[in-house]
Amino acid sequence: MAQSPSVPHLPLTLSRTIGVLLLLFLLLIIVAMIAMSFGSVAIPLSHVVGAFAGSESVTDTERTILFDIRLPRILLAILVGSGLSIAGAVFQALLRNPLAEPYILGISSGGTIGAIIAIGLSVGAAAFVTPLASFIGSASVMLLVYAIAHRRGQLDTQTLLLGGVMIGAFFNAAVLFIIAVFNQELRNAFLWLMGNLSTANPETLAVVTPFCLVASGLLILQSRRYNLIATGDEVAMQLGVDVTRTKRFSYLLASLITGLVVSVSGVIGFVGLIIPHICRMVFGPDHRLLLPASFLAGGSFLVLTDLLARTILAPTEIPVGAVTAAIGAPLFVYLLRKS
Amino acid sequence: MHAISVDTISFGYEPGVPTLRDVSLSVAQGEFLSLVGPNGSGKTTLLRLLDRIYVPHRGTITLFDRPLSNYTRAAIARKIAFVPQENGIIFPFTVLEIVLMGRSPHSRGTAFENPADRTIAEEVMTLMDIAHLTSQAVTSLSGGEKQRVFIARALAQQPEILLLDEPNAHLDIAHQVDVFNILRKLHRDRGLTVISVSHDLNLAAAYSDRIAMLVCGSLVAVGTPEEVITEERIKDVFQTSVLVDQHPRGGSPRITLIPSAS
């Protein structure tokens, strides 16, 4: 399967990695500031910066809007975008397929079903129950898709992707069914199926965020192994990697991130496809830069797409998943044609 | 000392279908051994077992007089490098990045290659005649160029034993001879042990100290090229009539194919 020949890139050094990541971090801050100034009440960028600096020219109303309404949502967008992007990049390395990502593989849908069952049964009272149920759902789907695509010791890529898409379709139907059974509004289902960053529960978020950060950090520490695995399982073994153990550990953590993220945002597709693809084109395929870069760029990306989703038809909000799908689906087709 | 020693090993990918049966073979340190035999005779499988990609169902393998099972994956990778037959790399890593991957078993716990790793990579790239491809994506190379990249990666591993699975498969004749000359030089100058699967019996005979012939998962002959490459045995094993005489320069057995008359 051919991947676009990227712009010639230099071999990675620590200083280059740090430089790129600092730039991406700066970009994330700028994007977040810009996003904070937009909304039903426009707040000038100078006031946004001023609010952080403790300037006295910022009114209390502005402060309330910025810190109580907009900032939590932007932080959520960063968490979700970062998590989905790094999970996507890891799945792509392990499966050696640039089309793999949590949504296409059906793993996001698995998380949704777990979360909805927990909420529907009202066992979601404790803040950790919904994310846990969501993780169990996503990890189960990961195992299921893997089992479906595994034949005679070989992983069939076409089966993997089609199997994932079909499992996703099946679980989406199940989500609609469960929500009908529990007699909730259909709009609720809509939010779960297309993603939604407006109604995250702060307590759940407080549980989810540290786990996502730690899991992402642990995945980044495996980056050098992913480089070897991305060139072939046997090659990675020949070069000294315990492939089975690395893969188990990584699938588990990537599913964990997916499940946790889904439990606070619903299914937002294609982020894990778009961001690693762009990062690979710009920075090259070395995972030591690709993973942390995807993590930071994914945050910026979802902040921007969420900004688009809530402003483009204001005051009506469109689901952020619709925006990411509008960008991601054509990219998927393009990559499929090239593969 | 034996670099690697195989004692009555058997292995099959599927239950009841043995790919290798009771194979015993010892390779001395600094020896150049070629594995030959018809398609499907188990040559590649034997290489994989030697590198513990697969584990034999019966029998034992010892690496420098220690059971192979006592080594960690990384420890094996510091002793043995493997040049695979084909490699479907899909991500556009550059040639330098691929070659530097050979350094990873030597740099545990560090995230980035150091200048010494870079120097080693540059040396082996020059040796393998791929220095001009340094920053090209490996996905854009020809089969022969890729093959040289993978040999370079294995050499960057600075192994004591080099396993090669048909290293000359995609190479033009100039690079075939180049690669074998480099292997012979490394084997003579640095005592590198080379175990190479080859379909080219002439190259195998010209460069190897010994040849081992596998047929249907069993070793049928091990010995010097003169002992193993005979008209009768080739006829017997490959069901093909050939002419075997002496190479006019080196004196090694030379095989000439005889096209059928009709």
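**Exercise 1.** In this predicted model, compare the span expected for the 36 residues of α3(A) at 1.5 Å a residue with the distance between its end C-alpha atoms.

*Solution.* The expected span is 1.5 Å times one less than the number of residues, and for the 36 residues of α3(A) this should give 52 Å. The end C-alpha atoms of α3(A) are 51 Å apart, which agrees with the expectation. The helix, which covers residues 60–95 of chain A, nevertheless has a kink of about 40° at R70(A), shortly before the proline P72(A). After α3(A) comes R96(A), whose phi is positive, near 50°.

**Exercise 2.** Determine which helix gives the largest share of the largest nonpolar core, and which residues have the most contacts inside that core.

*Solution.* The core has 184 residues, and those with the most contacts inside it are V90(A), I257(A), V99(B), A152(B) and L163(B). Its largest share, 16 residues, comes from α3(A). Taking I257(A) and leaving aside its neighbours within four places in sequence, one finds contacts that include G83(A), I86(A) and A87(A), and also C212(A).

**Exercise 3.** Describe how the residues of β6(B) point, and how this strand is joined to β7(B).

*Solution.* From β6(B), I80(B) and F82(B) point one way while A81(B) and V83(B) point the other way, and all are buried. The strand β6(B) runs parallel to β7(B), residues 161–165, and 4 bridges join them; in β7(B), L162(B) is the bridge partner of A81(B).

**Exercise 4.** Characterise the side of chain B that touches chain A by class of residue.

*Solution.* Contacts link 27 residues of chain B with 29 residues of chain A. On the side belonging to chain B, α3(B) gives the most, with 4 residues, and the classes are 17 nonpolar, 7 polar and 3 charged residues.

Terms used:
Residues numbered from 1 in each chain as written. Chains lettered and ligands numbered in written order. Predicted model: local features only at pLDDT ≥ 70, side-chain atom pairs only at ≥ 80, totals over all residues. Buried ≥ 20, exposed ≤ 12 C-beta atoms within 10 Å, placed from the backbone. Helix = DSSP H or I, 4+ residues; strand = E, 2+ residues; numbered from the N terminus. Pairing = 2+ DSSP bridges. Core = buried A, V, L, I, M, F, W, Y, C linked by C-beta atoms within 7 Å. Contact = placed C-beta atoms within 7 Å. Bend = angle between axes of the 7 residues up to and from the residue. Nonpolar A, V, L, I, M, F, W, Y, C, P; charged D, E, K, R; others polar.
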